[in-house]
Structures are given as C-alpha cells and as structure tokens.
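Here is a friendly briefing to read alongside the coordinates. Have the sequence and the 3D view open as you go through the topics below.

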Amino acid sequence: MKRLTSNESIAYLGHLKNLLEQSGVGCIIKNEQLSGGLGEIPFLECLPELWVIRDAQLAEAQSLLQELAQSSPSAPAWRCAGCGESNEGQFAACWNCGRADERDT
Ligand SMILES: [Zn+2]
C-alpha cells in the first residue's frame, strides 16, 4: 500500500476515496478514528490519511487527484455594488462594507 495524501478533514478524504473508487482505484482511510475532536487540530502524525491499496495504482490515483484539483474552479473575484471594493471569489459578502454578494450564482 502507498500513502496518497493526508488531510485533517475525514469528509474530504471520504470524498476523494469515493471518486477514486469510482475510477477503479481501491483505497482506504487510515487514522479515521482519531479525528473526533471538535475544532481540535490533530497531531500531524495522526492526520487521517488516504492510502492506495495497490502500489501499481498510485500514479493513476495521483493523476486523478491532480485532475480533480484542476477541475474545481475557484470562484472569480467580484466587485461590491455598495462600495466598489473588489473581493475574493470565496467571500459571500464584501469584506469592506459587509454588503452581500449580489452576483447571480
Ligand atoms: Zn463593499
């Protein structure tokens, strides 16, 4: 088995695991049971990890992850209708005046 990636979010790893398995890459999550704390950052060595069961599929799994990262577009920046300030796409409201993003999404 080969370790593919680790992430503090079990939900995220579970999502990746589903996608990989849909593509025929068997994988498991390790350290799953250790991240139960609310808002608690686990020790680095205890981070949930995603492992590829068959070594031969590691490269395939890595390229799938890469595709995934490229296919999830980050939201475009937007300009606030209230104060004209430009905001990063991930913000739902203006950081400057608090006005909600009025883009059609
Ligand atoms: Zn504003």
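What follows is a short tour of the fold, the metal site and a few local details.

Please keep in mind that this is a predicted model. The chain holds two helices and five strands, and from the N terminus on these elements run β-α-β-β-α-β-β. Of its 105 residues, 23% count as buried.

**The zinc site**

- Four cysteine sulfurs serve as the protein donors of the zinc ion: C80 (SG), C83 (SG), C94 (SG) and C97 (SG), lying 2.3 Å from it.
- The angles that the four donor atoms subtend around the zinc ion are 101 to 118°, which makes the arrangement tetrahedral.
- Along the chain, the spacing of the donors is C-x2-C-x10-C-x2-C.
- C80 sits in the loop between β4 (78–79) and β5 (86–87), while C94 belongs to the segment after β5, so this pair ties together parts that are 14 residues apart in sequence.
- Are C80 and C94 buried or exposed? C80 has 5% relative accessibility and counts as buried; C94, with a relative accessible area of 4%, is buried too.

**Strand pairing around β3**

- Strand β1 (residues 2–6) pairs with β3 in the antiparallel sense, over four bridges. Within β3, V52 is the bridge partner of K2.
- β2 also pairs with β3 in the antiparallel sense, over four bridges. Here K30 has E49 as its bridge partner in β3, and I28 stands opposite W51 of β3.
- Which faces of β3 are covered? Both are: E49 and W51 are buried on one side, and L50 and V52 are buried on the other.
- β2 has one covered face, with C27 and I29, and an uncovered one, with I28 and K30.
- As background to these face assignments, side chains in a regular strand alternate between the two faces of the sheet.

**Helix α1**

- Helix α1 (residues 10–22) has 13 residues, and from its first C-alpha to its last it reaches 18 Å, close to the 18 Å expected at 1.5 Å a residue.
- The buried residues of α1 are L13, L16 and L20. Seen down the helix axis, the buried residues of α1 fall within an arc of 60°, so they line one face of the helix.
- The general geometry is a useful reminder here: an α-helix has 3.6 residues a turn, so residues three or four places apart point the same way.
- On the other side of α1, A11 and Q22 are exposed.
- G24 follows α1, and its phi is positive, near 85°.

**A local detail at N31**

- N31 is placed in the loop between β2 (27–30) and β3 (49–52).
- With a relative accessible area of 19%, N31 is buried; that value falls under the 20% cut-off used for the term.
- What does the side chain of N31 reach? The side chain of N31 reaches the backbone oxygen of L47, at 2.9 Å.
- The backbone of N31 is worth a look as well: its phi is near 65°, a positive value in a residue other than glycine. For context, most residues other than glycine have a negative phi.

Definitions and conventions: Residues are numbered from 1 along each chain as its sequence is written. This is a predicted model: local features need pLDDT of at least 70, side-chain atom pairs count only at pLDDT 80 or more; totals for chains, interfaces and linings use all residues. Side-chain values use heavy atoms; hydrogens and water are left out. Donors are N, O and S atoms within 2.8 Å of the metal (3.2 Å for Na, K and Ca); water is not among the atoms, so sites may look incomplete. Four donors count as tetrahedral if all angles lie between 85 and 135 degrees; four count as square planar and six as octahedral if opposite donors are over 155 degrees apart and all others between 65 and 115; anything else is irregular. Buried means under 20% relative accessible area, exposed over 50%, partly exposed in between (1.4 Å probe, protein chains only). A polar contact is a pair of N or O atoms within 3.5 Å; within protein, one must be able to donate a hydrogen and the other to accept it, and residues adjacent in sequence count only if both atoms are side-chain atoms. The expected span of a helix is 1.5 Å times one less than its number of residues. The arc is that of the directions from the helix axis to the C-beta atoms. Two strands pair if DSSP finds at least two bridges between them.
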